[in-house]
Amino acid sequence: PFSNLSVSCWSCLHPVNMFNSCNVKFHHRKALISPYPGSHIERSQVPENKVGWLIEWEDYNPVEYTAESVLARPNWADPQINDESFSPKFNERDGEVERKSLNGLYVVENGRPRNPVGRTGLIGRGLLGRWGPNHAADPVVTRWKRDGSGNKVAHPVSGKNILQFVAIKRRDCGEWAIPGGMVDPGEKITATLKREFEEEALNSLQKSPEEKAKLEKQLQKLFSQEHFVVYRGYVDDPRNTDNAWMETEAVNYHDETGETMDNLPLEAGDDAGVVKWVDISEKLELYASHSYFIRLVTEKRGAHWSEDPGSECHK
């Protein structure tokens, strides 16, 4: 389950923006873990009662760290904040770069944006390219589990139909995840969702133009139908720092008959080591906040989640 929620809040949760839902109090958990991903850097210890910026803490002395891969200035990364050529427009659209947060305005202090959820024990950008929000998109592609005769398979305990989603095994940490990725400058979220799914779950980057065109046509059918925005906003991510953080829009594309996806050959590409259809249940352990997104999809679709009827959410 998602660490940032009190259980009593599930029933009244409006998932599109958890900040406004029954005063859910966000906590950092993954954003406080040491060492920082891909490094030996230890974050300064932040006790739970000192995470929030409203709590005075004069002795707070976070470690500064920005990865070499970010400092090398690839096209997805900002310059350092003291670079004379760099004058970012925080809290607004800055040329092709979206610096607005999905959660509203964030504070900028001494020229640096401040993580809206609180202290993380690390300043700088870590592995993240942008100062402030780093926008990602997570396409949750689902279908019903079916038996050899094409009938939906119900779970023997809950009696609810089992939903499956396309999962990738991330190369960087070996965890199962939704095949998402970063929004390119100037790119619409809908385009990112489709592109990331093609690259990570269908290995489109390695396909010939003809094969790619065929995939595009089939996918268009799935991605142009009615879909459901599962979540928009801040993500408790192990890469977050005091000055840079992940935000995402997770969207569910559901193949009700299963016919569209039957014809699409899943093939791991890009950042994925393995890709496959995975049965959804609360037993799944997924990367970052992905288990939480998946749970919201099962609630929306009335699918199986738990064998314990007490943990289901009755709206």
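This is a short tour of one structure, stop by stop, with a residue or helix to select at each.

**Before you start**

The model is predicted, so local features are given only at pLDDT of at least 70 and side-chain atom pairs only at pLDDT 80 or more, while totals for chains, interfaces and linings use all residues. Residues are numbered from 1 along each chain as its sequence is written, and side-chain values use heavy atoms, with hydrogens and water left out.

**Stop 1: D242**

Select D242, in the loop between β11 (228-234) and β12 (244-255). Helices (H or I, at least four residues) and strands (E, at least two) are DSSP runs, numbered from the N terminus. D242 is buried and has no salt bridge. Buried means under 20% relative accessible area, exposed means over 50%, and partly exposed is in between, using a 1.4 Å probe and protein chains only. A salt bridge needs a side-chain nitrogen of Lys or Arg within 4 Å of a carboxyl oxygen of Asp or Glu.

How far away is the nearest side chain of opposite charge to D242? That side chain belongs to R43, 6.1 Å away. For charge, Lys and Arg count as positive and Asp and Glu as negative, with His and the chain ends not counted.

Now show Y60: its side chain and that of D242 are joined by a polar contact of 2.6 Å. A polar contact is a pair of N or O atoms within 3.5 Å; within protein, one must be able to donate a hydrogen and the other to accept it, and residues adjacent in sequence count only if both atoms are side-chain atoms. Add T120 as well, whose backbone nitrogen lies 2.6 Å from a polar atom of the D242 side chain. Leaving aside residues up to four places away in sequence, D242 touches a set of residues including W53, P62, R114 and L122; contact means heavy atoms within 4.5 Å.

**Stop 2: S44**

Next, pick S44, in the segment before β1 (63-66). S44 is buried, with a relative accessible area of 18%. A polar atom of its side chain lies 3.0 Å from the backbone oxygen of N61. Beyond residues up to four places away in sequence, S44 touches N61, P62, V63, T120 and G121. You have met T120 already, as a contact of D242.

**Stop 3: helix α2 and its charged network**

Move to helix α2, residues 189-201. Its 13 residues should span 18 Å at 1.5 Å a residue, and its end C-alpha atoms are 18 Å apart, which agrees. The expected span is 1.5 Å times one less than the number of residues. Ten of the 13 residues are buried, so α2 is largely enclosed by the rest of the structure. Among the buried ones are L193, R195, F197 and E199. Just after the helix, look at N203, whose phi is positive, near 55 degrees.

Now select R195 and E187 together: their side chains meet in a salt bridge of 2.8 Å, N to O. E187 counts as buried at 18% relative accessibility. Salt bridges that share partners join D184, E187, R195, E196 and E199 into one network.

**Stop 4: a bridge across the sequence**

Select D262 and R143, whose side chains meet in a salt bridge of 3.8 Å, N to O. D262 lies in helix α4 (residues 259-262) and R143 in strand β7 (residues 132-144), so the pair ties together parts that are 119 residues apart in sequence. Is each partner buried or exposed? D262 is exposed, with a relative accessible area of 56%, whereas R143 counts as buried at 17%.

**Stop 5: helix α5**

Go on to α5 (residues 290-301), which has twelve residues. From first C-alpha to last it reaches 17 Å, close to the 16 Å expected. Nine of the twelve residues are buried, so this helix is largely enclosed by the rest of the structure. Which elements do the buried residues of α5 pack against? They pack against β7, β8 (163-170), β9 (176-177), β11 and β12. G302 follows the helix, with a positive phi near 65 degrees.

**Stop 6: W176**

Finish in strand β9, at W176. W176 counts as partly exposed, at 22% relative accessibility. Its C-alpha is 7.3 Å from that of E285, and the two residues are 109 residues apart along the chain. Not counting residues up to four places away in sequence, W176 touches A167, I168, K169, V274, K276, E285, L286 and Y287.
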